Amino acid sequence: MENGCLNGVTNGNSGNHAASTAEAAAAAAASAVSPPLNERSLETVRLIGQFLRELGLSHSVDALVQESGCALENSAAASFRRHVANGDWDAAEECMQSLQSLVTEASSATEIAFRLCEQRYMELLEAGDYMGALNVLRNRLTPLKFNTGRVHELSTYIMCSDAEELHRISGWPGSLAGTREALLDQLQQFFPPAVMLPPRRLLSLLDEAVQYQLAKCRYHNTDLPVAEVSLLADHACSRDSAEFPARCGQVADQHQDEVRCCQFSPDGRHLATGCKDGAVFIWRVDDLTLRLSVARRYHIGEERGGVACLAWSPDSRLLLCCAAEDSSDVLVWCVSPPPLLPPASAAAHHHSLLAESHLNGASVVVNSASVLSGGSSEPQRFSRGGTPEESLTTAAWFPDSVHFVAGGIRGQFYLFSLEAGYRKSWDFIRVVALATRTDRDGNTAALAADSFGRVRQYRFDTMQDETLLQEDGSIIAMCLSRDQQVAALNVVNSGLRLWDLQHRVCLQRLAGPGISQGGYCLHACFGGLTGNFLASGSQDNCAHVWRIGGADSQPDRLSGHSGIVNSVAWNPQHHGMLVTASDDCTIRVWLPTARALSAAATDHGSGGTAATDGSSGQASANLASSPATHSPSDSNPDEDDDDGILE
Amino acid sequence: LTMGRHFIQHLGGDRVFSCSNCDCPLTNRKELVSTRFTGATGRAFLFNRVVNLEFSGIHDRMMLTGRHLVRDVSCKKCKAKLGWIYEFAIEEGQKYKEGKVILERALINESEGFPDPVRDS
């Protein structure tokens with residue numbers, strides 16, 4: 001039912017403009033619609049027509065074409081499409097004669113002819129018509145003098161004895177497997193869209209719209225496939241219904257002083273928290289309820305100025321700890337023994353060694369094999385053995401869970417290994433923050449933010465270094481995204497800056513009045529299902545959570561703490577679980593609203609601390625009452641029997 | 001006084017000046033403008049940039065060189081008194097001091113630093 005008219009060309013193919021405007025005028029005149037359809041409406045009709053045709057609703061297509069007076073595509077193109085779909089190759093080639101002038105680039109006409117003949121040839125071979133195939137090869141393909149390498153390849157397929165072998169050797173799935181449709185889709189690229197629409201055009205536009213909405217969705221933290229998002233209304237997760245950690249589900253007050261750091265193990269099963277009084281607690285995460293319970297208590301000693309840095313090994317077994325005040329050593333605990341248990345004799349040796357240390361009352365430096373294979377509460381100490389003026393306040397692991405780097409502002413920057421201890425030094429770098437990054441070739445470099453506001457990359461294997469970026473202020477803290485492509489820097493008086501480490505450009509600046517003006521060490525953490533959230537501690541007693549790359553750069557504020565939020569940790573396995581550590585001596589677990597409310601309900605039942613606040617942006621009045629009702633932590637029934645011994 | 005952990009800056013330099021009480025880094029020789037000043041404890045140095053300081057309220061003081069508006073400065077870490085910063089100089093000839101910091105010699109120590117291997121190689 002096509003009336004051979006073409007709607008207006010709007011894609012820059014100026015040579016056809018005169019012809020198509022005449023056709024457009026004719027189409028408008030022939031249309032049954034009044035007032036006549038404008039450009040956008042005509043295009044939309046074409047998209048709808050294509051969509052209906054691809055569904056097989058041909059009556060609807062005919063009715064649409066007649067009523068709107070708009071042809072779905074150029075009539076010659078339509079005939080061409082029909083001929084190819086039916087395998088009428090000669091007719092198709094004839095159609096190409098009239099379509100030749102419409103092709104975007106003149107040279108493509110040859111390629112189109114080539115591809116048609118190629119398909120024809122393969123189909124003939126498949127059907128066993130060797131004479132016909134040879135004829136196409138010699139008299140049609142070869143004279144084109146196009147892609148002779150492919151022609152040679154095609155000629156070898158004659159040796160295939162049957163269709164099945166042909167499919168296998170050539171990789172061509174066969175005429176029954178939709179190769180004609182695939183061919184049409186490929187040929188479409190040579191024509192302007194006005195002549196031949198890209199396949200599934202309406203559906204791809206709708207998918208793009210959905211993806212845009214998903215990207216803008218402020219609280220989106222689920223794995224919703226694009227195809228399942230409803231088109232009926234704009235997608236926007238609500239704060240309470242999403243998998244976004246909107247509400248406080250647990251307040252844990254076991255610490256006695258300001259909680260300075262918190263870190264989840266990479267397997268998401270443990271949380272480590274470090275306190276100003278030197279206590280380091282390991283918490284177990286319950287798989288079902290996501291509830292935290294104390295599993296271990298370690299202590300680094302009170303004169304060290306508190307815990308400055310906690311780092312889990314990538315295999316989630318070991319915890320590294322740096323103290324705040326000029327300590328020349330770092331401590332490593334084995335939290336979980338390795339999956340392969342040591343032989344009985346080694347275990348016995350370990351037990352006797354441990355017994356000895358308790359008898360003597362002195363702290364024994366136990367050799368690495370026994371400490372790091374058992375679940376001992378004795379940490380192993382790593383230092384260069386140098387002067388007491390050394391200061392290691394930050395550290396980061398290498399992916400092998402054996403090597404790590406540690407450094408500090410006095411200019412120490414060392415590589416250690418668990419077996420051999422101190423290995424190498426990089427001199428004269430005043431280190432503020434550390435991370436490691438592995439490139440595509442599997443080489444790991446240490447990234448150090450230094451006192452001059454630079455982030456530099458250090459390869460301890462080749463002893464090569466280079467500057468990645470230079471900030472215009474002092475860097476307070478640094479953390480890397482899960483994919484190691486983005487670094488979030490807390491810069492004095494400037495808030496958070498996101499840098500692309502590959503391209504070395506600043507991606508985004510996140511303003512945070514409470515983040516960097518006070519000069520406090522506040523830590524941030526990436527998180528969420530796709531790592532698209534950034535949470536940070538803040539001076540205003542809230543945690544701030546940004547959706548990265550979202551249209552809105554205003555953070556969501558999680559309020560409830562009564563002191564500065566020093567650090568945040570986002571569970572890498574349970575993407576809706578966020579933990580905040582504060583000067584008010586508590587840590588809070590933030591969960592999606594539904595989970596938080598049910599967690600609070602169980603809390604009330606056992607008489608523990610309840611959390612019933614934490615709604616968006618408003619400090620709630622009932623927070624002050626909850627710490628007063630805390631149950632003594634030692635009677636927490638969830639605690640491990642294997643309680644770490646306080647030093 | 002419960003507060004979070006203060007961020008300690010470090011200006012680097014070949015010769016580093018720090019608080020004599022807690023060894024907190026303050027400044028270096030490169031930032032030194034003049035050694036010919038006198039404070040409460042004796043000799044005092046004038047520096048361009050000093051970090052890790054806490055500032056008092058503004059005081060209107062009469063000094064040897066004239067009337068100035070100053071703030072007392074103390075160590076961010078241990079709160080020890082260190083000197084003062086010139087906010088405003090009444091006399092034209094003294095304007096060059098504005099924004100600069102006086103650290104009293106007895107309240108700071110000088111120690112060996114090292115050059116930045118990246119820039120000064």
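Two strands pair if DSSP finds at least two bridges between them. Strands are DSSP runs of E with at least two residues, helices are runs of H or I with at least four, and both are numbered from the N terminus.

This is a predicted model, in which local features need pLDDT of at least 70, side-chain atom pairs count only at pLDDT 80 or more, and totals for chains, interfaces and linings use all residues. Residues are numbered from 1 along each chain as its sequence is written, chains are lettered from A and ligands numbered from 1 in the order in which they are written, and side-chain values use heavy atoms, with hydrogens and water left out.

**View 1. Two hairpins share strand β11 of chain A.**
β11(A) covers residues 403-407. Strand β10 (residues 394-397) of chain A runs antiparallel to β11(A), and 4 bridges join them. Within that pairing, A:Ala396 has A:Val405 as its bridge partner. The β10(A)-β11(A) hairpin leaves 5 residues between its strands, and A:Ser401 in the turn has a positive phi of about 60 degrees. On to strand β12 (residues 413-417) of chain A: 5 bridges link it to β11(A), again in the antiparallel sense. Here A:Val405 has A:Leu415 as its bridge partner. The β11(A)-β12(A) hairpin also has 5 residues between its strands; in this turn A:Gly411 has a positive phi of about 110 degrees. How many residues of β11(A) are buried? The count is 4 of the 5, so the strand is largely enclosed by the rest of the structure. Buried means under 20% relative accessible area, exposed means over 50%, and partly exposed lies in between (1.4 Å probe, protein chains only).

**View 2. Four strands of chain A form an open sheet.**
The order is β2-β3-β4-β5, with antiparallel pairing. At the edges are β2 (259-264) and β5 (292-299) of chain A, each paired on one side only. From one strand to the next, the twist averages 20 degrees. Such angles run from 0 to 180 degrees between N-to-C directions, with axes fitted as lines to C-alpha atoms, for helices over the stretch in contact. β2(A) and strand β3 (residues 270-275) of chain A are antiparallel and joined by 5 bridges. A:Cys262 sits opposite A:Thr273 of β3(A).

**View 3. Helix α11 of chain A packs against a helix and a strand.**
α11(A) spans residues 201-216. Its 16 residues reach 23 Å from first C-alpha to last, close to the 22 Å expected at 1.5 Å a residue. The expected span is 1.5 Å times one less than the number of residues. Which residues of α11(A) are buried? They are A:Leu202, A:Val210, A:Gln213 and A:Leu214. Seen down the axis of α11(A), the buried residues fall within an arc of 110 degrees, so they line one face of the helix. That arc is taken from the directions from the helix axis to the C-beta atoms. The buried residues of α11(A) pack against α2 (39-55) and β24 (542-547) of chain A. Contact means heavy atoms within 4.5 Å.

**View 4. Helix α2 of chain A packs against α3 and α11.**
The 17 residues of α2(A) should span 24 Å at 1.5 Å a residue, and the end C-alpha atoms are 25 Å apart, which agrees. Buried residues of α2(A) include A:Leu42, A:Arg46, A:Gln50 and A:Leu52. The buried residues of this helix pack against α3 (58-68) and α11 of chain A. A:Gly56 follows α2(A), with a positive phi near 95 degrees.

**View 5. The loop between α7 and α8 of chain A holds A:Lys145 and A:Asn147.**
Most residues other than glycine have a negative phi. A:Lys145 has a positive phi of about 50 degrees although it is not a glycine. So has A:Asn147, also with a phi of about 50 degrees. The flanking helices are α7 (130-141) and α8 (148-156) of chain A. A:Lys145 is exposed, at 72% relative accessible area. A:Asn147 is partly exposed, at 43%.

**View 6. B:Glu110 lies in strand β9 of chain B.**
This strand covers residues 108-114. At 22% relative accessibility, B:Glu110 is partly exposed. Leaving aside neighbours within four places in sequence, B:Glu110 is in contact with B:Arg15, B:Val16, B:Phe17, B:Arg29 and B:Arg105. B:Ser20 is 90 residues from B:Glu110 along the chain, yet their C-alpha atoms are separated by 8.8 Å.
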